[in-house]
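Hi everyone, thanks for coming. I'd like to walk you through a structure I've been looking at, so let me put it up on the screen.

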Amino acid sequence: MAALRRLRQCHPTIIALSQFHTSSHASAKQHYKMLVLGGGSGGISMSARMKRMFGAGNVAVVEPSEMHYYQPIWTLVGAGAKTLTSSGRSTASVMPSGVKLYFTFQISYEYLIVALGLQLHFEKIKGLPEGFDHPKIGSNYSVETVGKTWKALQDFKEGNAVFTFPNTPVKCAGAPQKIMYLTDAYLRKTGKRAKANIIYNTSLPVLFGIKKYADSLWEIVKQRDLQINMRQNLIEVRADKQEAVFENLDKPGETKVFQYEMLHVTPPMGPNLVVKGSQLADEVGWLDISKDNLQHNRYPNVFGIGDCTNLPTAKTGAAVAAQSAILNRTISRVVKNEKPDRTYDGYTSCPLVTSYNTVILAEFDYNGQPLETFPVNQAKESRIMYHMKADVMPHLYWHGLLRGLWGGPAPYRKILHLGMK
């Protein structure tokens, strides 16, 4: 579990960020035209784009983690459909050639992109993260714990399989229930489903935020006899007793204890602590940027992308892809002293895995309106969409997004809808 604590603390090891808002530091040993903070999907994608804009020698990336993971595939890793090894590559190997990688820094810059992601807070649940030392509990949200999900699923005999959704913003808001559907499928395949109670305790008042897809998911829930409890927030795990304690958010102080044979925890999440402690944050702690062009609302030479920002859309890899194209255009205009001329519509996507061979592909905008790429009803379960999720999207991630070549499906959407959408 020491490794899990290191995971939580890795970004705060970046130093001197309390001053990173506007100006260059005369004492800094290195100076770059563009400095990118963070080597996740947004940071690597933008560094590749910035290399093409400014030249490799003018771009630097700060990322303390030595490994880079394609996290969307962890849903399938936790269900045994993919291996953890397949999800990771060294950070150095995904860096654009010639762009300098730093693990810590004191660097001056002309322009700054903040792509630091968000923070997991297992420790805000009493009994965690130390509870992961016990069996029958896992989480698909951490490289340290995703394998424990698969082990708990394989070891399941009979009883309650409990899945949680915290009372905070989360990345990939569909993931907490995807593993529930996969667990149902696995237990049916192995003949154990009759002895299982599958329970989804969510802090939300809805199953999914977009009604079109929620309606389809409710049908699946009814067909498969899954138990959904709204406004239930996990506050404690008693791993030695296999008990999970939930608070009723509509009746504060009222709690209920669930005995579990398997528990999947989605941790509370919040702003990256580095951003939260800086002058770049909004009042809550998220990076304060324009929802239209991704430029900082107070510092014009600072930009942001991805989960660390206060953009009012779901925090997903698909959102990062769409944002990268807009941000690239914004920066190309700003460096010429021109006004940004492209607007981000809030596009994001969530491939809702509903079995080992079906997906509901949710795509929507800032207004929560479906913004679908394909000229079919994507609220229906689809085998083709599953193969997109499991096989096509990882390839698109490693060879498209991280190389700054994939900016989301918007151009293809127009073509596939004959220009009508």
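I'll start with a helix, go on to the empty spaces, and end with some backbone details. Please keep in mind that this is a predicted model.

Okay, the helix first. Helix α9 runs over residues 317-334, which makes 18 residues. From its first C-alpha to its last, α9 reaches 25 Å, close to the 26 Å expected at 1.5 Å a residue. Is it out in the open or enclosed? Well, 14 of the 18 residues of α9 are buried, so the rest of the structure largely encloses it. One residue you can pick out in α9 is T330. T330 has a relative accessible area of 1%, and because anything under 20% counts as buried, T330 is buried. If you're hunting for D282 from there, T330 and D282 sit 48 residues apart in sequence, and their C-alphas are 21 Å apart in space.

Now look at the start of α9. There, T316 has a side-chain oxygen that comes to within 3.4 Å of the backbone nitrogen of A318. Remember T316, please, as we'll meet that residue again.

On to the empty spaces. How do you find them at all? Rolling a probe the size of a water molecule over the atoms shows where empty space is left.

How many cavities of 30 Å³ or more does the structure hold? There are two. The largest cavity holds about 50 Å³ of space. And here's T316 again: the residues that line this cavity include T316, along with T313, A314 and K315. A319 and Q323 are in that lining too. By class, the lining of the largest cavity has three nonpolar residues, five polar and two charged.

The second largest cavity comes in at about 30 Å³. Among the residues lining it are I125, F165, N233 and P268. Strands β9 (159-165) and β12 (232-238) each give at least two residues to that lining. Its classes are five nonpolar, three polar and no charged residues.

Then there's a pocket to show you, the second largest one, with a volume of about 460 Å³. Its lining counts 28 residues, and those nearest its centre are A173, T313, A314, K315 and F364. T313, A314 and K315 should ring a bell, as they also line the largest cavity. Which domains does the pocket lining draw on? At least three residues come from each of domain 1 (31-117 + 272-417) and domain 2 (122-270). As for chemistry, that lining splits into 18 nonpolar, eight polar and two charged residues.

Last part: the backbone. Most residues other than glycine have a negative phi, and most peptide bonds are trans. With that in mind, look at the loop between β7 (118-120) and β8 (137-138), where P129 sits. The peptide bond from L128 to P129 is cis, with omega near 5°. K136 is in the loop between β7 and β8 as well, and K136 has a positive phi, near 75°. K136 counts as buried, at 18% relative accessibility.

N337 has a positive phi too, near 60°. You'll find N337 in the loop between α9 and β18 (348-353). Buried or exposed? N337 counts as exposed, at 76% relative accessibility.

That's my tour, so over to you for questions.

Terms used
Residues are numbered from 1 along each chain as its sequence is written. This is a predicted model: local features need pLDDT of at least 70, side-chain atom pairs count only at pLDDT 80 or more; totals for chains, interfaces and linings use all residues. Side-chain values use heavy atoms; hydrogens and water are left out. Helices (H or I, at least four residues) and strands (E, at least two) are DSSP runs, numbered from the N terminus. The expected span of a helix is 1.5 Å times one less than its number of residues. Buried means under 20% relative accessible area, exposed over 50%, partly exposed in between (1.4 Å probe, protein chains only). A polar contact is a pair of N or O atoms within 3.5 Å; within protein, one must be able to donate a hydrogen and the other to accept it, and residues adjacent in sequence count only if both atoms are side-chain atoms. On a 1 Å grid over the protein atoms alone, a cavity is a set of points where a 1.4 Å probe fits but cannot get out, and a pocket is an open set with protein on both sides within 12 Å along at least five of seven lines; lining residues have an atom within 4 Å of a point. Grid points are joined across faces, edges and corners, and a volume is the space filled by probe spheres set on the points. Ala, Val, Leu, Ile, Met, Phe, Trp, Tyr, Cys and Pro count as nonpolar, Asp, Glu, Lys and Arg as charged, and the others, Gly among them, as polar. Domain bounds come from an automatic or database domain assignment.
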